[in-house]
Amino acid sequence: MQTVHTPPSLTPVPIEILLVEDSEADIVLTREAFADAGVLNNLHVARDGVEGLEMLRAADGLPRPDVILLDINMPRMNGLEFLQEIKRDPDLMTIPVIMLTTSQAEEDILRSYQAFAASYVVKPVEFGRFYEAIQALGRYMLTIVRAPLPPH
């Protein structure tokens, strides 16, 4: 039997994801849905915008995320405040941010895009539909999205 060797350049590289979310249930579902969809990822979790900024700005912190999944309604610093803050930061502004929230308010949608969110996804309330939405989002990130390299 012949052994197939994968060249190093073809070795799958996990997507680095920062999930800024305060709901433990949504965090668990997101993690499980990505795993079930076969999305190779390193999911880092911040419970609010303040913690998310600290993680992004820590010198020895997490690897630069390929994408940030961001809830709106959180304590201390909500998602819109977090989004505006990172889009003002030259080192962070090119990270794609996907709003992932239960809010269907037109004002939240408009404010998210005005603050340069890449996408706005409404979390389905029903468990099965939420799970499917996360899996579709994972496939989208794997096959379609191309993020810019970090500034030098």
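The following exchange goes through a predicted model and asks what stands behind the terms used for it.

Reader: What makes up the protein chain in terms of helices and strands, and in which pattern do they follow?

Author: The protein chain has 5 helices and 5 strands. Along the sequence they follow the pattern β-α-β-α-β-α-β-α-β-α. Of its 152 residues, 43% count as buried. Among contacts with a separation of 6 or more, 70% are between residues 24 or more positions apart.

Reader: How do you know that the span of α1 is close to what is expected for a helix?

Author: Helix α1 covers residues 24-36, which is 13 residues. The expected span is 1.5 Å times one less than the number of residues, and for α1 that comes to 18 Å. From the first C-alpha to the last, α1 reaches 18 Å, so the span is close to the expected one.

Reader: What makes one side of α1 the buried side?

Author: The buried residues of α1 are Asp26, Ile27, Leu29, Thr30, Ala33 and Phe34. Because they cover an arc of only 165° around the axis, they are on the same side of α1. Ala35 and Asp36 are exposed, on the other side of α1.

Reader: Which residue follows α1, and what is its phi?

Author: Gly38 follows α1, and its phi is positive, near 75°.

Reader: What makes Arg76 and Phe116 worth listing for their phi?

Author: Arg76 has a positive phi of about 60° although it is not a glycine. Phe116 is also a residue other than glycine, and its phi is positive, near 75°. Arg76 lies in the loop between β3 and α3, and Phe116 in the loop between α4 and β5.

Reader: Why are Arg76 and Phe116 called exposed?

Author: Exposed means over 50% relative accessible area. Arg76 has 61%, so it counts as exposed. Phe116 has 60%, so it is exposed too.

Reader: Why is Ala115 called buried, and where does it lie?

Author: The place of Ala115 is in the loop between α4 (106-114) and β5 (119-122). Its relative accessible area is 9%; buried means under 20%, so Ala115 is buried.

Reader: What is Ala115 in contact with, apart from its neighbours in sequence?

Author: Leaving aside neighbours within four places, Ala115 is in contact with Leu83, Gln84 and Lys87. The C-alpha atoms of Ala115 and Ile86 are separated by 9.6 Å, and these two residues are 29 residues apart along the chain.

Reader: Why does Ser103 count as buried?

Author: Ser103 has 10% relative accessibility, and the limit for buried is under 20%, so Ser103 counts as buried. Ser103 is found in the loop between β4 (97-101) and α4. Beyond four places in sequence, its contacts are Ile72, Asn73, Asp108, Tyr120 and Val122.

Reader: What makes the pair of Ser103 and Asp108 a polar contact?

Author: A polar contact needs N or O atoms within 3.5 Å, one able to donate a hydrogen and the other to accept it. The side chains of Ser103 and Asp108 are joined at 2.5 Å, so the distance falls inside that limit. The side chain of Ser103 also reaches the backbone nitrogen of Ala105, at 3.3 Å.

Reader: How do you know that Asp71 is a special position, and is it buried or exposed?

Author: The modified residue is a record entry: UniProt places "modified residue: 4-aspartylphosphate" at Asp71, in an unreviewed entry. Such annotations may be inferred rather than shown by experiment. Asp71 lies in the loop between β3 and α3. With 5% relative accessibility against a limit of under 20%, Asp71 counts as buried. Residues up to four places away aside, Asp71 touches Val20, Glu21, Asp22, Gly79, Leu100, Thr101, Thr102 and Lys123.

Reader: Which residues touch the most other members of the largest nonpolar core, and what supplies that core?

Author: The largest nonpolar core has 23 residues, and Val20, Leu56, Ile68, Leu70, Phe82, Ile86 and Met99 touch the most other members. At least two residues of this core come from each of β1 (15-20), α2 (49-57), β3 (67-70), α3 (79-87) and β4. The largest share, 4 residues, is from α3. Another core, of 18 residues, lies apart from it, including Ile15, Ile17, Ile27 and Leu100.

Reader: What does Leu56 touch?

Author: Not counting residues up to four places away in sequence, Leu56 touches Leu18, Leu62, Pro65, Ile68, Phe82, Ile86, Leu92 and Ile95.

Definitions and conventions:
Residues numbered from 1 in each chain as written. Predicted model: local features only at pLDDT ≥ 70, side-chain atom pairs only at ≥ 80, totals over all residues. Heavy atoms only, no water. Buried < 20%, exposed > 50% of the residue type's maximum accessible area, 1.4 Å probe, protein only. Arc of directions from axis to C-beta. Contact = heavy atoms within 4.5 Å. Core = buried A, V, L, I, M, F, W, Y, C linked by side-chain atoms within 4.5 Å.
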